[in-house]
Amino acid sequence: MTIRTRFAPSPTGYLHIGGVRTALFNWLLAKQAGGQFVLRIDDTDTRRNLDETLQPILDGFNWLGLDWDEGPEVGGPHAPYFQSQRLEHYQAAANQLLASGHAYRDYSSPEEMAAEREAAEKEKRDFVYSRTWMAESDEQAAEFESQGRSFVVRLKMPRDGKCEFHDLVRGDVSFDWGREADHVIQRGDGTCLYHLANVVDDHDFEVTHVVRAVEHLSNTPRQIFILQSLGYEMPQYAHIPFVAEPGSKNKLSKRKIDQYLNNKDFKRLYQAGAEIANRIGIEADPYSFNPVLVDFYRDIGFLPDAVLNYLVLLGWSLDDKTEDFSREEMLEHFSADRIVRSEASFDCQKLLSFQASYMNALPLKQKTKMCLGFLQKANLVSDPVACEQGELISQIVEAAGDRICMAGDILKFDTFFIADEDMEFDEKPFQKRMVKPANAGFLLAEFNKVLNVTDDFDAAALETTLHGFCENQGIGVGDVIHALRVAVTGKAAGFGMFDTLEILGRQRCCNRIQIALDELAKRVEANQ
RNA sequence: GGCCCCUUCGUCUAGUGGUCUAGGACUCCGGCCUUUCACGCCGGCAACACGGGUUCGAGUCCCGUAGGGGUCACCA
């Protein structure tokens, strides 16, 4: 049997990280068995612009490399894959259910329904519809209609026995039929609802494994009732735990972003992202740009494999030790029976640590390419990039090493792309390293003279030069190197000092030191 | 509230009756390295929700309690 799974997003305009985890499990299950992963768009209830609301989701999948065998853009033997274009199938199914007596026209008014519901609640019993306005024959229907009533189609659910099925994650599950409500499957206007559409599509698309979040577990009996009534074969179900909020067991929700921002790690990640976003022209409004949404990671330069690796471990594990999974390894080892039953909270730190290690393992060339994109978006280098600049960027990326965790971090080293006269000094380190030590200015000026005439200007030679200079002056390296860093980069922290000098080159170094000394003189004057 | 589900370090998890004085990872805290910031290395703190059973023996099986969550739409 070919395994066919599906992921069925509603076009909401964004791709939720929890949704991706569900999609990933579906994708893995199908792909590892040589089966197909289908993308279906659940847009029965949307009147919004599909371009705007669907494209970000498709982009997210493309970025992650979660390819679908059938669905939007690629088509397939069961096209169309949009529910909005399959309404007649659902209507036909509704009619079939009506004809076979598994559904009925219900002429109750919303108020009458509400009254029954309330009464049940008052008496503390399950709400089961009295079926007072149920019409099973055309005569009954005509009578209700003569009273000015209109109908919806409801499922005529069994009232005895149990619905039993096996779930790949939860084991044997059973529900009492008698507690299930007669759900509406077709609205007054003739359009059909989710549960019907879902069952019909899964059947038409030949989906063999329904892998979805647990919140659908309690929907399953009514879906089973529908599919059995329609004579369909039952798929394998796997209800996976949802992804929970950082630090709680509530379902992760995009809408509660304000609350998550109170979480220290979540906030730090968001702020790091926002800093990058601000520089490359992306609006960092937390409602459209935040760590719950997949775009966030793409936009600030995460590696898709790192995100996937983190996600696969959220509710699944291979053993007691293995944590690193390439795409191939995931495909090889993933199995539904090792999916955990309890919900897992989203942990930014761990995601970040995967990102750091994946980034570190990325070949320099690719890392440079990623970083280049950010420099261009921030208008720090031209597009296309000039040849000698390309070399410079590669040097910087190499020197920065693991200080670049996400590609957008390259912007922390913008000092190399700024004209000397436009460089700004961070105030705090300037005070601490330049103003406060009495001899900083003198030492820097002296060392500048040395730099001006020293023969070789590569990192190794410069290191020797500086050490020689310190020896002559009778000082430690620490006495001058901090001021040097501030003078040359404007910042307190950065990568290796000598790499920095070499990359900048003699002229720019001397130039910047002179600017820093002038700045220092101004401060001293002002203080007197 | 009814129904259903879940419960091992702060977090993700390993664990299917003895090998558990509970293992790994992230975080955190020390230390080393070091010109800064990182990385790296070494070390450390830290958990079986509780109460009853069953058993020679329970994190592991059973019952109960508590806590947490999901779901109860003419949403998906």
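Which helices and strands each supply at least two residues of the surface near RNA strand B? In this predicted model, they are strands E5 (152–155) and E12 (344–345), together with helices H6 (194–204), H13 (348–361), H19 (478–489) and H20 (497–504).

Let's look at that surface first. A total of 56 residues surround RNA strand B, and those that come nearest are Asp-126, Gly-315, Glu-323, Asp-402 and Arg-403. Sorted by class, the surface near the strand holds 23 charged, 17 polar and 16 nonpolar residues. On the RNA side, sugar or phosphate accounts for 72% of the strand B atoms within 4 Å of the protein, while the rest belong to bases.

Some side chains have polar atoms facing the RNA backbone, and three of these pairs are listed here.

| Side chain | Atom of RNA strand B | Distance |
|---|---|---|
| Ser-10 | sugar or linking oxygen | 2.8 Å |
| Asn-250 | phosphate oxygen | 2.9 Å |
| His-482 | sugar or linking oxygen | 3.4 Å |

Now back to helix H20, one of the elements that supply residues to the surface near the RNA. Is H20 mostly covered or mostly open? H20 is mostly covered, with 6 of its 8 residues buried. The buried ones are Met-497, Phe-498, Thr-500, Leu-501, Ile-503 and Leu-504. They pack against four helices: H15 (387–400), H18 (459–473), H19 and H21 (506–527). Of these, H19 also supplies at least two residues of the surface near RNA strand B. Just after H20 comes Gly-505, which has a positive phi near 90°.

Note on methods
Residues numbered from 1 in each chain as written. Chains lettered and ligands numbered in written order. Predicted model: local features only at pLDDT ≥ 70, side-chain atom pairs only at ≥ 80, totals over all residues. Heavy atoms only, no water. Near = heavy atom within 4 Å. Polar contact = N/O pair within 3.5 Å; in protein donor to acceptor, adjacent residues only side chain to side chain. Nonpolar A, V, L, I, M, F, W, Y, C, P; charged D, E, K, R; others polar. Buried < 20%, exposed > 50% of the residue type's maximum accessible area, 1.4 Å probe, protein only. Contact = heavy atoms within 4.5 Å.
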